[in-house]
Each structure stands twice: as C-alpha cells, then as structure tokens.
Amino acid sequence: MGSEWTLAEKPTIDCLKGMGYGFISPADHASLRDSENLVLFRPILIDALRRINGISEADARAAYVELLAKDDNEEWLGILRGNYSRTVQGQATKQTLRVIDFQNPGNNVFSCTNQLYVKAEKSRIPDVVVYVNGIPLVVIECKSPLNTKDKSGEAFDQIRQYERDIPRLFFSNLFNIVSDGTNCLYGATGSPSKFYGSWRDPAPRNADEFTDELSKGLWCLLDPARLLDLIAHFVVFEATDTGKIKKICRYQQFRAVNKIVDRIIEGKHRRGLIWHTQGSGKSLTMVFAALKLKTHLTENHPALTNPNVLILTDRIDLDDQISGTFQACGLPNPAQVESVGELRSIIGKGLNGLTVLSTIFKFAGSERAIPDSGSWIVMVDECHRTQEKNLGAYLRATLPNARFFGFTGTPVKKNDKDTYANFGVEGEGYLDKYGIDDAVADGATVPIHYTGRKTDWHIDDAKIDILFDNWFADLPDDKLEELKRRGVSIGDLVKHPKRVALIAFDIWTHFTAYAMPDGFKAQIVAFDREAVILYKQALDTVIADDLIKQGVPAEDARAKAAAMSACIYSKSQEDDKPNEDPQTEDVRAQLRKHYLDYDAEKAAKDAFDKRGQPPHFLIVCDKLLTGFDAPAECVMYLDKPLKEHTLLQAIARTNRVATGKRNGLIVDYIGVSRHLDEALSSYRADDVQNAMRDLDDLRSQLRAAHSAVMKLAKGVKRGTGNLKGEYDALVATLKTEDHWFEFRSLAREFIAIYETLSPDTSVLEFTDDLKWVACFLRYGTQVFEKKEAFDQREYSRKIREMLDKHLDATGLSITVKLRHITDPEFWEDFDPDEKTETDLKTAAIRKTTELRKITYEKIADNPHQFGKFSDRLKALLKKMDDAQISWGEKLKAAEELAKAIQAEETAHEGTGLSQNAFGILAVLNAFQPQHDGEDLETLASSIETLYADNETAPLFWQEKGELRKGLRQEVRKLSHGLGFSDVIALSEQVEDFALKHMAKA
C-alpha cells in the first residue's frame, strides 16, 4: 500500500493539483456529504447551480435533492450536457439548469480527493476521485506495476469491484483510469479491461513538453478544458442486441474531430482527408464529429450555428451500417434518405440543423446546385471510391459551396490524384492519419499475420499449362477438348475437386487446433459463387467424417457438420434457370439451396459473432469482405486472388479486438502472400508495410523472446525432476523485485508470441520452456508480491489446459494452491518440524499470500470487527522483506496473525451472543457509546432479533426500500439514550452489516 501511495497515488494527485484541481482532504468528506453512502459534494454542487444558473439557494437545494435520486448513467450524461430542467421560483415553466458551464471553464470547480469511503452493502474506498462542481466524474485506481498490453491484474479487478459494490459512485461517472504512476489506461464506465487504452498523442501539444508519461496521460484526459470537451461531445451510448454499451473516444477520434471543427471555424480551407485504418472506429469518429458540429457546447462561433450535416457512403450496406450507428448512438434526428427525390427535397428546402444519411449514387445525374449549399458539411465514407463514374462531380455540382471531409479505412493510392484533389488540401496529404501500425500499437486492433499453406497448390498464370496437364489428364476426351477449346482459366484450377477437398481437410485440421478451442470463428474466401458451394460440400464431408470417427452417429454427424458453416453470396438471375449440363445444374440447385435472404443472412452473421456456437465458418466470395465487423473472427482462409484495397479490406475482417485474441491470421491457399508487394504496390510502402506480417517474422520474434527471458534464468538447472527446487534457484538468481518485474514482462511477451503461433510447428522446440516459465509466474507472484497470480486468466484455453496438466504432473499445483482459513489443511504449513530453511521460506510466503487475501475479505465483510488486522497485515508484509528476520520467525508471525483472525471469528463463543449479534456489537462500539457493555450486548441482541424475525424483516426485506427505512428508524429508537456519537450513521452501518449477513432470499 505504501509503494502504491508513493509511486502512483501521490504523483497522480500532484499532477492534478498542477493542472488547477483543488484537493479535498478525506477529513473534509463528512462536511461535504449528507452521509457516507452519498457521493455528491452538496455545498459545492449547490453553489455551482446558483452561480451558473442565477437561481436561489432554495431552488439549488431542491435541484440537489432531485439529482441525488438520479441513478442512470445515460441520464446523467444528458444532465451533464444540459438536458435537465425543473421549476424554479418566479418561473411559470420549467427552466433548464446547467450543472457545468462549458463556455466558461473557469466558472466550474475542478477538484479531486482520495480515499473516499463509500458505504454500501460492500463498502469500498477508491484511490482517487475527480469531481467537477461536486459531481464525481472519474475514478482513478492506482496499482503498481501495470501491464499495458495484457490489461489484467488488480487495478482492473478493483474497478469492476467498485462498479459492482458501490454503483452510486458511478451513476454520474464518465470514465475510469488505472495507473501505476507511469502508465495511464482509461475506459468508459462498465468497459471490460480489453477496451481500456492509453492516450498516446497529446496533440496539439508535443510529447516532449511533458516531464513524464503520467503527467502526459493525465493532461490528455483531465486537463479541465479537454475534460469538458470529452463530456460534451465524445461519449455515446450505443444500442446493441444485448443492451446499451457506453463508448468514449480514442485519441485519434478526438484529434480528427477537433481538426475538422477547427478547420470549419478558421474558414481558410473547405475540405480535409482523414485516413483511420479499418477496425479503429471510423464510423464512431463520424458520429463524434456530427455530435460536436451539432451541439458544439464548448465552442461558440457563427460557422457552427445550426449546420446541416450530410453523411455519404458508396454502398447500401455501409449506409445501413452507419445509419444504424448514428441512430443507435442517439444522435438528434438522423434521416436516412431512401430515394433521389427525397434527398433533393430534403436538402433543397433551405432548412437548417438537418442530419442526413444517404448513398452517393443518389446524386447521379444531379447538376443543379441547391440554394444555401454553404450551410452543408459533408462527410464522405470510403471517399476514394466515390470519384468513380462522375459521382464526385455530380455531388459537387449539387453542393458547390459545401465543406467536404473525406474518410477512408484504407490508405489512398499514391497515384489517386482525384481523391487528394477533391478532399485534401494541396501539400497537406491527410488532415488526420491513424495508420495500421498506430491501431496495433494502441490495441485498437490486433496485428494480422499470414502464412502460406499447401504451397504446391498455389496458383498463378505462369503455372496454368503445367497444372492443367497434371490435374485434368483423367478427364474424358470430350470434356478435355471442350476445356482446351474455351481456354483454361485460374478458376478452373482453383475449383478442381481434388484441390478443394485437400484444402477443406487442411482448413478443418488447422481450425480445430488454432481457433476452435477458444470459440473463435473463420471466414473462407472462395474464388466465386460456384467455389463457395464446392467448399461447403467438401467441408461438410470432412467435418462429418471426423465426427463419425469420434463416435457421433452418422445422421447426427452430418447435421452437425452442415450447421458448422453458412454460405453468404449474392443471388443471380441464372440460379433459377435449368441447364442440361448435370454439373452446372447441380451447382445451381446448391446455390438455390444455400442462399440466405436478408433476414437469414443477418441471423447467420449475428450467430457467427457469438463464440462457441455455430456457424463456425462463413463461406463467401465477394460479400462480407468490407464493412463486416465480427470480433469473434480470428482467421481467414483465403483462396481468391485479391489485391489493393479489396485485399486490405478483406484481411481487416480479422483485426477486431476480442477477449483472448492475440492476432488475426490469414491462411493463404492461392499465393497472394508470395506476391504481397505486388498486390499492394499501388500504395505508399510506409502506409501498408505492416498490413500483414509474415509468420516467419513472428517465428523470429518467438526465438528472440525466448532468448531474452531465458537469459535471466541463466545458470538455473532445469529438468532435474525437482521443479520447486528449480524455481527457488530462479528466485535466488532474480533476487530483487525489480529483476522479478523484468522477468515477468519478458515472460509474458514470450507466452503471448507462443500463443499467437500455436499450433504452428515452430513452437514445439519451445514448449517445455514455455511450461517452465509460465508456471513460474504463478510461483514468483507469491514469492515477490505475496499475492495471487492472474496471468492465467488471459491465456487461451489450449495454453491453460497445457499448464494445468504440467502443474499437476510436477506436483507444483499443491505448492501454488491458496487455501482459506476454514480449510483444515491451511494450518499444516505452520508446523516447523522437519522443515528445511527453504521449506520454511515457501510456507511463510504462501501463508502471507493467503493471509493478505483473507484479511482483505474479512475487513470488507465487517470493517469494525476486523479493521484492526489491517495494520498487522502491513507489519507482516514488512517483516517478509526484512533480511534480518529468519524464515522460521516470519512463518511464526504469519501463524500469530492467522490465529488472531481465527480467534476473532470465534470471539462470540462464551459471550452469550450469536455471531451476528457479536458483529453488530462491533459496529455499536465504533460509535463511542457512554453506557456499559451489558447494555450494548442487550442492544446488539435486540437489533439481531429485529433483522432475524420474519415479522419485522420478512423474506426479501433487503430489496424493499421503505421496509429498510423502517428498520433503520427502529434501530435508532432502540439506540436512543445510550450516548452514541451519531445514531443516523450507526443505523446505516448496522444495515450495512445486516445486508451482508442477514439478507433473506
């Protein structure tokens, strides 16, 4: 705790003070809150309401009371943005009351505090809380150290625990930060840890202007003016099938939107080009831009007065996708235009404040300018594709004076002069660029790797004649002549039945080892629609045969195999026409059979993104290669020669972030990866150099990562048969906590690369060392940090199972297993007989690790009864680092603490009080009573009866607000006259105890 205060919490508070935040001491909390279960700072909020809105103190107090009852995070966001009104003195109608003054940042009170005790069923004390005008907006959890890549550990667990146990603190919360005094990661309220990220770019400032990473990270997120901008324009709630998800911008979105707004305000240039790579949230960038352009709470400029915003795409499915995003995020009245006439009617009316979504095709043939076109701000998605067929010219003819901002998910080709001319400013290139490497570095996307499989079956033009002679020699003469007559194409070779059958078998073999164990999914990109059917048939056969071998009845196996994949392709008029050729007729029949209409396709895509359930494969040829967002997809089996933006867009289907997903993988059966430079030659090399990374590079990285971590274990003998002895030797080699943290970091990198490559055969030579290193992390965490290791949670299922088997086989699972104080085996470690010094050390470390966990649990359970053990735990942890004390003495100290906790658990025995009454007595004693113990014991028993009796506290009493209120009042009556310092707080903390120990369900 001391190091966390010194290294993280205090520097955080100092940074905030340096930015102008006032510091509120924990000693002042009581004077600012009506009770410990409330989190609004009453006098500060009431004063802000009066100052900002010019209302009376009585009206401000009434508003404060009303705000206390607001318990919905989305509603609170609206309140922060000014969507709150109530009646005030002297007004006949409701008046809008602002809780924040966005136009005048200095008119707000920015403050921070630490160690804010929030009373609840499970009371908690977050490290640092940031307030604006007495409203808690940001919770900062300080833990040391923090791993920015794996995003696991105590800090994230702590935030999740706070959100669960003290939800009142998060009603108005905007986002949370975890920090170790160096790294800062932030995420919106309720976000899983995988969506936490760092704010790498402090634009418009330069990184070298900051003294350290902490001050940079905190300034980026909490500089008062920037925080107000984030509140006003950069948080949305997006409706999904599973409920609403709160989303906060990433730095590239914040940066790009503000560049757009600044450009409009400056008025010098009327366009800009934005490249934000696929998977990095380009659609949300457009949402945030529209939100700021429409509301501009922090900006006051004539150029932003009620503008019209037009969002354009070049495809109906993208139009639907962006329209869905805008509507799901609750933007004011976005209108999706269905026809050319409707579009011209809307934009030609001369109205202001419109938000219109459409496709660029609806401008085809339009040459007449609309009136007041200068009031329109046009954002064009995938703008490089809108210059075709004069569509861009028609658009500009219709809106000659509009401001145009082009967005693209792929880089613009180096010879694409039209896109730069129509959306860029001369000499500027991109107004804002967020490339492939940026997204991977931030964890916004995962890296994409590729590997060539079955290279003998790769096909290109140069091999057609040779392959034809090999593959088609057994055809009947008439078929052979027909094929020669019309000419052999790559398609003929790609769709050769033997080749398809081989690849289908290879896909299934690879998929079951690589993706399926963790529930991930795959796309198969076939050459054309006929190839889609051929792969469907071949894959069904391969899977069914495999299931039958596993003992599944044949009929069930075939049904399960068929459900494993779904085909998605566009319909053709030819599909319904009969054909005399049996093979063609069979293909057309299968195309009719497997075709999915709009609803069925949507259902298949939705199911595909749900891990662990069918379909596991989507077989496609053209559809779903762009605009399809499925984080569950981790591998693409590519058997179609793609290039340029089609290739970039297709492979990006695998780059979305998902729990346990280290990377996307392209398995190349057609040979694209052998000619990658050629396929991407139309782009600037630095824009696409890491679009796909060869697995050979990763194999080299694995070798280097292995070498780096094993270098720190140099001199430690392995394979001796005594794994614990080997680990103790490594502990002795590492010696210090600093070296341990270095080893841990290198080990995680080694494990992550191994996971990414597995089941590639290149990992086999490293498997034994992987087991040795990964299992040591669990042991080392206990030895050096005296706490439980969480790394294994982040491993893939195949790695976890391998390590668990290794621990069991070596017997180390017994050593690293943590026991609770109620486990009879817990006490065996304390017996010093026949223990060597090494055994004593192991026992002392394990007991201290267990006691740390047990003590925290007990204090959370009843802080009044067990709070006294906090200092004793700190003393024990300090002793563990004292080289002057023997391990036997340390183990004895741990035993004394364990016995003291156990004695406290049974302290009620012999007192005549039940365990619950004794716990209540501990609460009563905390409020400085003036009467003797006998009166207090009688009162404790009476209160226990109050909550135990089904007459006064029936089933589910804990869920009934009025009943709970009545019980608290009864506690106050019973306590009256006994000289307690604060009977209201006493009744609340008695209720807190009862909620934990006496709830009835």
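Here is a quick tour of one protein chain, from its overall make-up to one helix and a few cysteines.

This is a predicted model, where local features need pLDDT of at least 70, side-chain atom pairs count only at pLDDT 80 or more, and totals for chains, interfaces and linings use all residues. Residues are numbered from 1 along each chain as its sequence is written, and side-chain values use heavy atoms, leaving out hydrogens and water.

The chain carries 41 helices and 24 strands, taken as DSSP runs numbered from the N terminus (helices H or I, at least four residues; strands E, at least two). Out of 1001 residues, 54% are buried, meaning under 20% relative accessible area with a 1.4 Å probe, protein chains only. Take the contacts (heavy atoms within 4.5 Å) between residues at least 6 apart in sequence: 72% of them link residues at least 24 apart. Accessible surface (Shrake-Rupley, 1.4 Å probe) adds up to about 43100 Å², with 49% from carbon and sulfur atoms.

Now for helix α9, which covers residues 251-266. Its first and last C-alpha atoms sit 22 Å apart, close to the expected 22 Å, which is 1.5 Å times one less than the number of residues. Twelve of the 16 residues in α9 are buried, including Tyr251, Phe254, Arg255 and Arg263. Right after α9 comes Gly267, with a positive phi near 75 degrees.

As for disulfides (cysteine sulfur pairs within 2.5 Å), the whole structure has zero. Cys567 is in none, and its nearest cysteine sulfur, on Cys621, lies 9.7 Å away. Two cysteines are buried:

| Residue | Relative accessible area |
|---|---|
| Cys567 | 3% |
| Cys775 | 1% |

Definitions and conventions:
Buried < 20%, exposed > 50% of the residue type's maximum accessible area, 1.4 Å probe, protein only.
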